[in-house]
Amino acid sequence: MEKLEHNSLHLAKQIQDSEPHLKSNLIIQYLKDQDFAYKFPDIPTECQWINASEEFSSIDLDGKVVLLDFFTYCCINCIHMFPFLHKLESEYSVKDGFVVVGVHSAKFPNEKDTNNIKHALQRYNILHPVLNDSKIEMWNLLNVSCWPTLIVLNPRKEVLLSLPGESYANVVKLFIDEAMKFYSNSLSHHLIPFVSSTDVDLGMASEQLVKLQFPSKVAISKENYLAIADTGNHRVIICLNNGTVQYVVGTGNPGQIDGNFKTAQFNAPHGLAWNTANSLFVADCENHLIRKIDLTVKRVVTVVGVGKQSNDLEGGKLGTEQGISSPWALQVGGSPKFPDQENILYIAMPGVHQIWAFFLKNADWQKGTEHEMMTCLRFAGSGQEENRNNSYPHKAGFAQPSGLAVDSANHKMYVADSESSTIRKVNLSNGAVEAVVGGHFDPMNLFAYGDVDGKARDAKLQHPLGVAWDHKRSRLYVADSYNHKIKVVDPAKKMCTTILGPTPNKQVEEDLYPNGFPAVELNEPGGTAVDKTCSRLYVADTNNHRILVVDLNEGTVNEVVLSFDVTETDGVKSDSDVIQYSPIVNKKRAFVKEFLCCDVASHQDIRIEFKVKGMHLTEEAPSSWQVSVRIQDRDPVLVTQGTFTAIDADFKTLLSVPQMLSTLITTQNNTFLKQQEKLAVVLTVEANLYYCLEDAKVCSLKGVVCNVPLIIFPEVESTNTDVVLQLNVAQILK
């Protein structure tokens, strides 16, 4: 196998370096010249098949071009390969003579369990046969050394190609294209007896649990609205803390669509973070996007990402111009100088093993630098998959960071670093990364896992995915996912103790938890959240398809039973999912400014920047702004709104032109809009400004209105448009 692996890598490099018209010839020559002496080995009898009938055996692979996918379901690089495999299977069917076979060679003990693998296959919609190689026998027989590894067999089950990692997907696709033609006369068109894992009973306890599918994360707002990432159903549910559903956001089908709650689509949403009472950020993981749910206008809009996986390790671009990779967890926090302002959205990105920052407003940053609103860039992590702590954030190494929690009082952020099985701490003032519990001294050792309560590195976790901070008790709650437990960490003492799991722990701190906690059967819990009073802990019990609420004072554990008093297709409770426009300024007394017309494309975004130079707002007063749009002489329609959160009279916001058009069509029944070659609208920005002049002893109120005519053209190439509305205090007060 060593010689074949060497030849495979050599061919891959030739293909990547050659001109397009030469690639096919290289593969054909390789297939003609190579002596494929290594045959697919006999499958050990201990290995179990999943997604296949009892009659299935390796004989069924005779006469097929076979792609073996060696994976483990915790691995983000393996997860990145699943869309590639789905695409291949849609192009070549079993009847065509092609089949994908998964070989699950587990990293963690929890992943060796066949039922847990079945859950993962259902979660990622994997329908082809998968072999549970729990003792890594096939892994050793085929000399595999990393996840993922792709191996191609010919119709005689001889090994043709073996390539490690996700970077060779394009090479494998070209190779299979040519192999299907090269072996066309040898292919068999027989079917294979599949049995999808979705047909297998996954232990759902009741009909109620079916309403949620693999919920991965939860977030509770200051107003006690509970947001649930219903990951398996590709939607977000927002309910009261008693389970009464207020909003169902998303169609329930995977996709990448901004729009109202009925039509918007996500693809495996994970992390959630409340920004304001009406604004929720969503880590749309498999779309590689950050989305924002606006409860005011009931719209979903993309704020970060380009809609495909990026390998950028630095960042620095604005919002929807910056590519990201598999965002998994979100947390709103402060900047180095202003830890309490909540002016940055921190993003855990296991796809590049880093933590990034998205600026919600202009803010200070590391080493005295500043960044403008909507900039998205790397905060911590070298991009190497390591358990490396360092005083310099860019030299630290993470291994699939998957959970974030902020202790704003001490300006720390805690990280659930799943593949190193550790909890880490990041100083938000200087970016220094430190160990808290779990792991090993060797930064390259990512196998120091277990299930041990204890101190610092003596404590052992297994692939933790979630963390939540309890500011009242100064404790951190950890979703120790693969141990099926919730653990509590005292960061000051670096002590880790189980509080929820199959057996109750008698060692919990009685002064903090006087009633202890009962035994609870969890199954890969993925997320935790604490309410503002630190009375309740919410747990996303992922593989049990439910949300639990833990009363930290009383020691009780109950399921949050969701009450869907709105149908899932309605999306919202009200008859209309659009807030009616209402002016916020007295336009007769306001300063009104007309701006030049802008041409925009129907598929692009508009970046609006509003600023009044020389005006400082009164911090205690509620200065506000809103954006509306109107067509011809019709009534305006509200697009978005907000408040000024700093003393400067400025804000930035990103508007989606498709969302604006959808809003106009929805609210005004303008079906003719869809047939227009171009459309003239007026975008209006209103601002209600409470201000104090430096030489004045009283504060005043001034309204400002900015009108911007827009001509919207369909199907034209265009980049995002910047609309800068810059005024000065002398203008508006004269």
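## Strands and their partners

Two strands pair if DSSP finds at least two bridges between them. Strands of a sheet pair through backbone hydrogen bonds, either parallel or antiparallel. The model discussed here is predicted.

## The five-stranded sheet

Five strands make up an open sheet. Their order is 16-22-19-18-17, and the pairing is antiparallel. From one strand to the next, the twist averages 25 degrees.

Which strands stand at the edges? They are strand 16 (315-318) and strand 17 (329-333). Each has a single partner strand, so one side of each is left without a neighbour in the sheet.

## A look at strand 17

Strand 17 is joined to strand 18 (residues 344-349) by five bridges. The two strands run antiparallel. Leu330 stands opposite Ile347, which lies in strand 18.

## Cysteines without disulfides

A disulfide is a covalent bond between the sulfur atoms of two cysteines. How many disulfides does the structure hold? The count is zero.

Take Cys75. Why is its sulfur not bonded to the closest cysteine sulfur? That closest sulfur belongs to Cys78 and is 3.1 Å away, which is too far for a bond. The cut-off used here is within 2.5 Å. Cys146 is in no disulfide either. The cysteine sulfur nearest to that of Cys146 is in Cys75, 8.5 Å away.

## Buried or partly exposed

Cys75 is buried, because its relative accessible area is 6% and buried means under 20%. Cys146 has a relative accessible area of 24%, so this residue is partly exposed.

Note on methods: Residues are numbered from 1 along each chain as its sequence is written. This is a predicted model: local features need pLDDT of at least 70, side-chain atom pairs count only at pLDDT 80 or more; totals for chains, interfaces and linings use all residues. Side-chain values use heavy atoms; hydrogens and water are left out. Buried means under 20% relative accessible area, exposed over 50%, partly exposed in between (1.4 Å probe, protein chains only). Helices (H or I, at least four residues) and strands (E, at least two) are DSSP runs, numbered from the N terminus. Axes are lines fitted to C-alpha atoms, for helices over the stretch in contact, and angles run from 0 to 180 degrees between N-to-C directions.
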